[in-house]
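Q: Could you take me slowly through one part of this model, beginning with how its strands pair and then moving on to the spaces and the residues around them? I am new to reading structures, so please go step by step.

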Amino acid sequence: MRFPTSSLLRAFTVLSLFVLAAARDSVQAQSLLKPFTERMGFGLSGGASLNMHRATFGSLPECPSCCPGYDGGSGTGIAVQAVLDAPTGPRWGLHVAAGYADLSATLTREENIGPTLTTQGPQDAVTEHRLASTTSLVFIRPTVSYRLFSDIPVVFFTGPLAGILTSNAFAQEERLVHPAGALFSDHTAVRNRRDGDVPSGQDLQFAFVAGLRGKIFLSPRWSIQPELAVQAALTSLSGAVRWNANSISPTLGIVYHPPEPAPPPPPPPPPPPPALAVSLDITAQSADGTTADTVHILAERLTRSELFPLLPYVFFDQESTDLRARPMRLILKAQTDAFDESSLPNKTLAIYADLLNIIGSRLKRYGGARLTLTGCNNATGGERGNLALSRARAEAIRAYLDTVWGVDPKRITIRTRDLPQQAPQITSIEGQEESRRVEIASDDPRILAPVRWQAVERIGMLPVVLLTPAVTAESGVEEWNISVLQRGRMLGSFSGRGMPPPTVRWEIDSITIPAPDIPLEAVLRVTDRQGQRRTVNATMPVVHEERTTEIIEQESGKRIDRFSLILFEFERAVLGPEHQRILDIVRSAITPRSRVTIYGYADRTGNPEYNRSLARERCLAVRRALGSALDRIPVTLEAVGSDRLLYDNDIPEGRNYCRTVQIVVETGLTP
């Protein structure tokens, strides 16, 4: 027969409620709970083993049986164990049990075997198949426990069980139980009797265990621990059939908790330390030797700037739309935030290489500005009449400004034509190169304005900070350190062994210049030979004075300003509206004490005499445009032409930058 499952559940519930009630109602448990729940304990426990065997076989090997199949059975036994309780925290712990358990049970199965001879004649008979096991186990059971409630000492535990069977025997029989007096064919009421060790017995057993355990303190050192454990076998009693010995074990344990070791006695009070006193004074010394209680830093800001004109053309190779084939610097979208046109190298063609990045940056800054791109071809070979090529060149530039700089394509108008309106004759290689281009125009003059390059240099008159430590140490100084800081930033550090010098000099350099209006802090740390430490600090205000000086070219008491800001079309000497804005910059540099020289240049296209004539026309155009700004001051025109080339004329960019006028303004520095 099998142990009723409902009875086991009731027993489990009753034991749990008993533990909860005992823990809550015991004033002693409440008072002793917190001091002792984290202490180790060991002891003994014992109780019953309510066994529930699971089986799926009809007969054991070499043991004849007519049973159609056992499905389980039950029995009772005793369980005793030694326990070790080792909490690992407020709620978690380890629990190890080692002991003995009687897992014996009886498996039965009734069977109607049909008509059987009785004293009243043939009758239907019922036989009972009975298999009684004598099973005992020594085991070790390490489990992990978790305390379920903060104020009630009830834990849930789970873990494995490993054991060795000390007994694994069986006794088997088949008995006629109905009707009375019925006999088998051999005239007996019992048959198939067998006993002995379980065939193919497996001595090594494994199981999974889970359950609840309570803890009720009787005193600071003793506690009782009721426990209900459910054991599910993982190993069969026989290797030939499936036969698992499960159990529910209610036990009660008595546990001893060793007292905590007494704390060591306090050490004797130390002798009074030797005297150690420190102080620190801080002053600033200027270059002339005078001292002050303020760090006064004179910083001079030297600036040098130069303007570079932008050539509004992008050139392409024959029948090509590839921007990468030309000396244009193309960047990634992730690099646009770091782009700064003022930090470009101060070289004309190097700045021109960033033309599209300069335009993209300015379009991004001036959101209302619009751009017009006019694509052209050189009307030779595959470019003849190829307006689609002209458009593709302009679209390549628009795509770059869109994908890299995020310029809305709706702000960019595309136009196409064959030859540019102004370009050299396409009968020459130079003319063909310069006609393969995209012309750039904008309704906002700031988009194509000259690039201002600026370099800034700082020099300063820096004082010396004098740090004067004073130390009195009866046992002597082991080591010392002086740190100079400003809001936690380390500016200087000095250290040594033995007594510090009377004065420590901190010479401020260009890297460690203190920030203005933030007090300077000096910290002195001293350790004597007895290990005593003292720390003192001193502060001093910081004042900055700054002067800005523009670096200008000077010669023989004169300031010299050079302007190369005007670019002319091929074979043209006409100034457009965009040139007038550039000339305003030149006018601002001219004073009544100025002398102006205008140099005209040309590219190598054409003969030298023609180029000098064209250069002179360009000089005259600039002179006329400057107008009254040149009244009553000396003006000289120098038509250089192509006699001296300013840039590489083997590339179209260099030839276009040679079509310029350079204006030199010499101004006396004294009245």
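A: A good place to begin is Gly47, whose bridge partner in β2 is Ala79. Please keep in mind throughout that this is a predicted model. The pair belongs to a longer arrangement, in which strand β1 (residues 41-57) and strand β2 (residues 70-87) run antiparallel and are joined by 15 bridges. Strand β1 is also joined to strand β11 (residues 243-256), again in the antiparallel sense, by twelve bridges, and here Ser45 stands opposite Gly253 in β11. In general, strands of a sheet pair through backbone hydrogen bonds, and they may do so either parallel or antiparallel.

Two of these strands, β2 and β11, lead us to an enclosed space, since they, along with β5 (121-147) and β10 (222-233), each supply at least two residues to the lining of the second largest cavity. This cavity has a volume of about 120 Å³, and it is lined by 14 residues, of which Gln81, Phe139, Arg141, Gln231 and Ser249 lie nearest its centre. The strand that gives the most to this lining is β10, with four residues. By class, the lining of the second largest cavity divides into seven nonpolar, five polar and two charged residues. In the model as a whole, the count comes to seven cavities of 30 Å³ or more.

From the cavity we can turn to an open space, the largest pocket, which has a volume of about 1200 Å³. Its lining is made up of 39 residues, with Pro312, Leu448, Glu569, Glu578 and His579 lying nearest the centre. The elements that give two or more residues to this lining are β16 (371-375), β18 (437-442), β28 (558-567) and α7 (577-589), and it is α7 that gives the most, with six residues. Sorted by class, the lining of the largest pocket has 21 nonpolar, eight polar and ten charged residues.

Leu448 deserves a closer look. This residue is found in the loop between β18 and β19, and with a relative accessibility of 23% it counts as partly exposed, because the class called buried ends at 20%. Although Leu448 and Glu578 are 130 residues apart along the chain, their C-alpha atoms are separated by 9.0 Å. If its neighbours within four places in sequence are left aside, Leu448 is in contact with Leu310, Pro312, Ile359, Arg362, Ile440, Ala441 and Ser442.

Two of those contacts, Ile359 and Arg362, are among the buried residues of α4. Nine of the eleven residues of α4 are buried, so this helix is largely enclosed by the rest of the structure. Helix α4 (355-365) is also one of the elements that give two or more residues to the largest nonpolar core, including α5 (387-403) and β19 (451-461). That core holds 39 residues, of which Val314, Leu371, Ile397 and Leu401 touch the most other members. In soluble globular proteins, nonpolar side chains tend to be buried together.

Leu371 shows how these parts meet: leaving aside its neighbours within four places in sequence, its contacts include Ile359, Leu363, Leu401, Ile440 and Ala441. Of these, Ile359 and Leu363 are buried residues of α4, while Ile440 and Ala441 are also among the contacts of Leu448, with which our view of the pocket began.

Definitions and conventions. Residues are numbered from 1 along each chain as its sequence is written. This is a predicted model: local features need pLDDT of at least 70, side-chain atom pairs count only at pLDDT 80 or more; totals for chains, interfaces and linings use all residues. Side-chain values use heavy atoms; hydrogens and water are left out. On a 1 Å grid over the protein atoms alone, a cavity is a set of points where a 1.4 Å probe fits but cannot get out, and a pocket is an open set with protein on both sides within 12 Å along at least five of seven lines; lining residues have an atom within 4 Å of a point. Grid points are joined across faces, edges and corners, and a volume is the space filled by probe spheres set on the points. Ala, Val, Leu, Ile, Met, Phe, Trp, Tyr, Cys and Pro count as nonpolar, Asp, Glu, Lys and Arg as charged, and the others, Gly among them, as polar. A nonpolar core is a set of buried Ala, Val, Leu, Ile, Met, Phe, Trp, Tyr and Cys residues joined through side-chain atoms within 4.5 Å. Buried means under 20% relative accessible area, exposed over 50%, partly exposed in between (1.4 Å probe, protein chains only). Contact means heavy atoms within 4.5 Å. Two strands pair if DSSP finds at least two bridges between them.
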